[in-house]
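Reader: I have a structure to read and do not know where to begin. Could we go through it by question and answer?

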Amino acid sequence: MTPGPSMLHKKIGVPLVRNVFERCLAYLKKHNPHSARTLPEGARAPVFLLHTGASLKGGAIDHIKPWLSLFEHAGHEFIVVARMMDVYEQLCLDYPQLQVCLVKDSADVDKLIAAYPSLRGFYYVANTANNNLFLRCSGGRHVFLGHGDSDKSSSMNRGFKAYDEVYVAGQAHIDRFARADFDTSGLRFRIIGRPDAGILLDAADAATAAPPQRIVYIPTWEGYVAEQDYSSLALAPELLRAAHAQGGLPIVSKLHPLTGAARPALLDIDQRIVARAGLPAGALTFLERHGKLTDLLAPDAVFICDISATVSECLALDRPLFVYVPKDRPIRVVSSHMSHADYAYTFATADELAAQLARVLGGDDPLAGARRRAREYFISPSATRANAFGRELQRVADGAWNEAPPAPGEEAYCPACHSTAVDAETVACAIPGMEQLAFRFLTCRACGFVSNPDNRHDYRAEGFDGPSTPGESARTGDGLRPRREYRMAGMAADLLARYAPDRSGELLVYGAGLSRDHVLIARDLPFRRVALCDMANFQQVEDFVPHDARGQAFDVVIASEVIEHFVDLETDFAHLFSKVRHDGVVVASTNLADGAPLERLSYPFSLGHTAYHSGRSLQAVCRRFGMRVDFRTPANATRGAGPRKRYVLFYRDPRMGEAISQYFADHHLAPSE
């Protein structure tokens with residue numbers, strides 16, 4: 001039987017096409033024109049790799065652009081890795097001075113890593129699947145840089161757990177993860193401020209509170225999924241008409257570079273907005289969408305934004321902010337401890353915008369103070385001015401991360417400052433009545449931290465000792481007479497009042513144990529809420545917060561004789577600091593190591609005291625968590641508690657530090673039992 005066309009197709013046609021295809025593919029792989037672009041000719045011993053994984057249309061150039069000059073100024077050799085040919089070619093065209101690599105697959109990654117063993121820092125500007133080829137590489141430090149700080153859902157997700165470190169602008173980004181519904185304990189954050197916003201901060205400081213001269217409208221793009229569609233573009237003509245009607249100020253706008261990426265019909269939306277808004281000639285101007293945002297920002301404007309990173313960028317200038325929060329569609333927002341409504345004038349319609357704008361342009365700006373607090377919280381001007389980013393780059397270049405405990409048998413390290421300059425010594429207590437106690441102490445020569453890891457006590461299983469029992473200790477409250485926690489809370493109430501007059505806050509007693517000072521605090525002091533926190537609800541109170549719970553933050557956290565019991569400094573301090581608001585304060589009490597011989601001290605041998613902190617060790621811990629710390633002497637240090645007793649005040653907002661200084665200008669000692 002003669003084969004029909006169908007049989008010939010199956011027996012000859014398909015195999016022939018497959019063979020030709022495979023041969024062509026093999027040839028292209030062997031003679032791939034991009035292979036010569038994997039290793040740039042000018043690179044010698046790069047220390048950093050800056051990775052952009054998106055396509056040109058997906059914003060790869062815009063993501064990486066803000067970081068290029070910062071890496072150049074840092075003084076270390078670096079290479080830029082593109083994953084798409086169009087991105088590679090555009091980078092080479094726009095930045096001929098850069099060493100740009102084109103990486104397409106794992107073989108290219110292996111080739112790059114083998115060629116440059118000098119690489120120590122791998123930096124990623126966006127969470128894309130293309131990051132995975134480099135994230136699998138061991139060695140070095142893998143750091144998420146990002147390309148902005150916002151309450152968009154993309155700013156907080158499980159993908160961040162892939163990195164060794166996450167660089168953030170301010171405490172707000174850390175607090176978003178503290179409220180996450182997944183385990184975030186492995187995340188390590190570094191606050192670097194907004195390194196490219198230094199000029200804006202200086203401009204804001206130099207500006208006077210003159211009336212606005214223009215309105216700046218900065219809408220975001222439409223997003224790839226419905227929950228990320230924060231854009232006000234559909235309402236833009238009505239919004240801009242309403243804005244111009246309030247005083248006739250000129251309006252300048254710039255579209256997000258990705259506008260139209262998901263909906264091509266929006267590619268020319270700027271032209272259609274101009275036509276539909278119907279404003280006088282010259283009243284509305286759109287700048288080039290791929291230009292630098294900082295070129296648009298100035299201290300003589302008010303800003304109209306969508307939920308996006310532009311909000312935090314505009315905060316640098318400390319000018320009135322109007323934020324569109326849509327109510328006509330479901331969106332997902334991942335808030336920190338400050339929502340947009342806390343520091344910006346939010347609106348959902350043109351009428352709401354008009355009413356808010358008329359009020360502010362008329363001279364009534366009630367959110368001015370909150371906006372200044374938000375600026376520190378979201379973009380940390382102090383970290384920006386201190387060149388925190390440059391210091392972090394230097395730390396990575398020096399290979400000075402050492403954040404993981406060494407394997408058994410390897411050199412010990414300090415859990416406070418991460419130095420390996422640690423001495424181990426078994427010490428027996430020489431205090432009368434305590435001679436039977438002997439422990440193996442680890443003492444850090446770099447920061448003075450003393451660890452006693454074997455001195456553990458499980459209060460849930462073994463109960464409380466005398467100093468922690470009401471009636472047997474002068475510091476543990478019985479609910480009838482004020483003791484130490486009550487005095488600490490009274491001082492904290494005064495600090496809040498100095499920070500913001502008439503402020504009535506919420507207070508948490510952290511590690512309360514059996515102390516009942518909280519009863520008197522709730523009765524006598526100006527707190528609208530007093531809650532307890534501990535490993536277990538030992539007092540069976542109604543308002544109880546588990547020590548490892550996230551999502552609740554307080555104005556004041558009292559931690560009397562707690563931090564010396566911390567076993568894992570990273571985890572335990574993370575639990576503690578997550579409980580305080582960005583503009584709040586933690587008041588702790590502990591003894592500080594000052595180099596005195598351990599055998600002559602009872603404190604390091606006391607039940608459950610695994611961590612004997614020094615001032616420098618607590619400063620090192622605070623730097624990792626973006627906290628500030630102050631040390632003050634309580635009155636009981638002059639009596640039975642001894643000269644090493646200190647109140648340790650942890651805070652974030654510099655204005656709280658000013659309140660602390662003012663308090664101790666008026667009081668010689670901190671109040672205590």
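Reader: Which residue is the bridge partner of L49 in strand 4?

Author: The model is a predicted one. Strand 1 and strand 4 (residues 121–124) pair in the parallel sense, over 4 bridges. Within strand 4, the bridge partner of L49 is F122.

Reader: Strand 1 also pairs with strand 2. Which residue of strand 2 is the bridge partner of L50?

Author: Strand 1 and strand 2 (residues 78–82) are parallel and are joined over 5 bridges. The partner of L50 in strand 2 is V80.

Reader: What is the hand of the β-α-β unit that contains strand 1 and strand 2?

Author: The unit consists of strand 1, helix 2 (residues 60–74) and strand 2. Its hand is given by the path from the first strand over the helix to the second, seen with the strands pointing away from the viewer. For this unit the result is right-handed.

Reader: How many of the 5 residues of strand 1 are buried?

Author: In a regular strand the side chains alternate between the two faces of the sheet. F48, L50 and T52 lie on one side of strand 1 and L49 and H51 on the other, and all are buried. Strand 1 (residues 48–52) is therefore largely enclosed by the rest of the structure, and the number of its residues that are buried is 5 of 5.

Reader: Now the sheet that contains strand 8. In what order do its strands lie?

Author: The sheet is open, has 6 strands and is paired in parallel. From one strand to the next the twist averages 20°. The order is 10-9-8-11-12-13.

Reader: Which strands stand at the edges of that sheet?

Author: A strand at the edge has a single partner strand, so one side of that strand is left without a neighbour in the sheet. This applies to strand 10 (284–287) and strand 13 (345–347).

Reader: Which residue of strand 11 is the bridge partner of V216?

Author: Strand 8 (residues 214–218) and strand 11 (residues 301–306) run parallel and are joined by 5 bridges. In strand 11, V216 has as its bridge partner F303.

Reader: And which residue of strand 9 is the bridge partner of I215?

Author: Strand 8 and strand 9 run parallel, with 3 bridges between them. The chain also makes a right-handed β-α-β unit from strand 8, helix 8 (residues 236–245) and strand 9. The bridge partner of I215 in strand 9 is I251.

Reader: Are the residues of strand 9 that point either way buried or exposed?

Author: I251 and S253 point one way from strand 9 (residues 251–254), while V252 and K254 point the other way. Buried here means under 20% relative accessible area. By that cut-off, all four named residues of strand 9 are buried.

Reader: Which residue of strand 10 is the bridge partner of K254?

Author: Strand 9 and strand 10 run parallel and are joined by 4 bridges. The bridge partner of K254 in strand 10 is L287. The chain crosses between these two strands in a right-handed β-α-β crossover, and the helix it passes through is helix 9 (residues 269–277). The residue asked for is L287.

Reader: What is the volume of the largest cavity?

Author: Rolling a probe the size of a water molecule over the atoms shows where empty space is left. A search of the whole structure finds 5 cavities of 30 Å³ or more. The largest cavity has a volume of about 90 Å³.

Reader: Which strand gives the most to the lining of the largest cavity?

Author: The lining has 14 residues, and L145, Y167, V168, A169 and R194 are the closest to the centre of the cavity. By type, the lining divides into 8 nonpolar, 4 polar and 2 charged residues. The most, 3 residues, comes from strand 6 (residues 165–168).

Reader: How many charged residues are in the lining of the second largest pocket?

Author: This pocket has a volume of about 760 Å³. Of its 29 lining residues, R391, E392, C622, R623 and R624 are the closest to its centre. Among the elements that give two or more residues to the lining are helix 15 (388–397) and helix 20 (615–625). The lining has 12 nonpolar and 6 polar residues, and the number of charged ones is 11.

Reader: How many residues of helix 15 are buried?

Author: Helix 15 is mostly covered. Its buried residues include F389, E392 and R395. The count is 7 of 10.

Terms used
Residues numbered from 1 in each chain as written. Predicted model: local features only at pLDDT ≥ 70, side-chain atom pairs only at ≥ 80, totals over all residues. Heavy atoms only, no water. Pairing = 2+ DSSP bridges. Axes fitted to C-alpha atoms, helices over the stretch in contact; angles between N-to-C directions. 1 Å grid on protein atoms, 1.4 Å probe; cavity = no way out; pocket = protein on both sides within 12 Å on 5 of 7 lines; lining within 4 Å. Points joined across faces, edges and corners; volume = space filled by probe spheres on them. Nonpolar A, V, L, I, M, F, W, Y, C, P; charged D, E, K, R; others polar. Buried < 20%, exposed > 50% of the residue type's maximum accessible area, 1.4 Å probe, protein only.
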